[in-house]
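Student: Pick one part of this model and walk me through it closely, please. I'd like one connected tour rather than a list.

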Amino acid sequence: MLAPGQVARRILGRHFEPVGNVYRRVFVDLNAIAGFLDAELPRGAKVLDIGGGDGAVIERLLNRRPDLPVTMCDLAPSIGAFLSDGNRAKVKLLPATDIADVTGSYDAVTISDVIHHVPVDQRDIFFKSLADCCKRWGCRKIILKDIEPGGVRAMLSLLADRYITGDKHVVLFSRSDFADLARRHFPKAQRGSAIPDWPNYCEVLSW
Ligand SMILES: C[S@@+](CC[C@H](N)C(=O)[O-])C[C@H]1O[C@@H](n2cnc3c(N)ncnc32)[C@H](O)[C@@H]1O
């Protein structure tokens, strides 16, 4: 049976994007997240966006930073639906692609609202694979956005992912969970943290 979010996507068709944007705004101010990414990414940096989904974050980032060449990968078979025509032409889309199969070189990786969808027992393997991939890509910076558990907005976000998006694996990924995995797999990296829109946090690893 389709989840309510998938039913809405089918029924609304091209109107799904504006409705989706209003819905997502309850949980996060994506312009604040794009503003944070903007400040962290050097001019012309080659960006790999892991788990880019519809491209809601990358659309906002490229509106501010048309200088950034972006590649977006995702396990999902169809991605980039929220990119405007102008921005879609600039983004290399890699649907149905695991990070281990992404080739090329990248200056920075962005990962927005992805890890809470990765089953808890697979997160360590994901970060190990990410560390191996970063070596291969020559990447020295990771910017991660996720949701700190605790509080009403975080709980609503979790419930919406479980019962509207329909992902039963969702478990929020805290900053301390991130710190543990960063210490294990990126032991030489410097870590920076920010909360552009509580409970939405951003973490930066650079080395
Ligand atoms: C909530 S969406 C976030 C989309 C986008 N990053 C944003 O913030 O607007 C989560 C996305 O992560 C993708 N995803 C989940 N696990 C993944 C993995 N192991 N590798 C790549 N993408 C993954 C899902 O397919 C989905 O498109």
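Tutor: Let's start where strand 6 and strand 7 pair in the antiparallel sense over 6 bridges (strands pair if DSSP finds at least two bridges between them; strands are DSSP runs of E with at least two residues, helices runs of H or I with at least four, each numbered from the N terminus). Keep in mind that this is a predicted model, where local features need pLDDT of at least 70 and side-chain atom pairs pLDDT 80 or more, while totals for chains, interfaces and linings use all residues. Residues are numbered from 1 along each chain as its sequence is written, and side-chain values use heavy atoms, with hydrogens and water left out.

Back to our pair: just 2 residues sit between strand 6 and strand 7, which form a hairpin. Ser193 faces Glu203 in strand 7. On to strand 5 (residues 141-147), which pairs with strand 7 (residues 200-206), again in the antiparallel sense, over 7 bridges. There, Lys141 is the residue opposite Ser206.

Now zoom out. The open sheet has 7 strands in the order 3-2-1-4-5-7-6, with mixed pairing. Strand 3 (91-94) and strand 6 (190-197) are its edges, each pairing on one side only. Ignoring direction, neighbouring strands are turned by 20 degrees against each other on average (axes are lines fitted to C-alpha atoms, for helices over the stretch in contact, and angles run from 0 to 180 degrees between N-to-C directions).

Helix 4 (residues 56-64) packs on this sheet, touching strand 1 (47-50), strand 2 (70-73), strand 3 and strand 4 (108-112); contact means heavy atoms within 4.5 Å. The direction of helix 4 makes about 175 degrees with that of strand 2. Ahead of strand 1, Pro42 sits in the loop that follows helix 3 (30-40). Leaving out residues up to four places away in sequence, Pro42 touches Arg65, Asp67 and Leu68.

Last stop, the ligand. It's surrounded by 15 residues, with Arg24, Gly51, Gly52, Asp74 and Ser112 the closest (near means a heavy atom within 4 Å). A polar backbone atom of Gly51 is 2.8 Å from a ligand nitrogen, and polar side-chain atoms of Asp74 and Ser112 lie 2.6 Å and 2.7 Å from an oxygen atom of the ligand, respectively. Altogether, the protein covers 81% of the 600 Å² of accessible area that the ligand has on its own (Shrake-Rupley method, 1.4 Å probe).

Note on methods. Polar contact = N/O pair within 3.5 Å; in protein donor to acceptor, adjacent residues only side chain to side chain.
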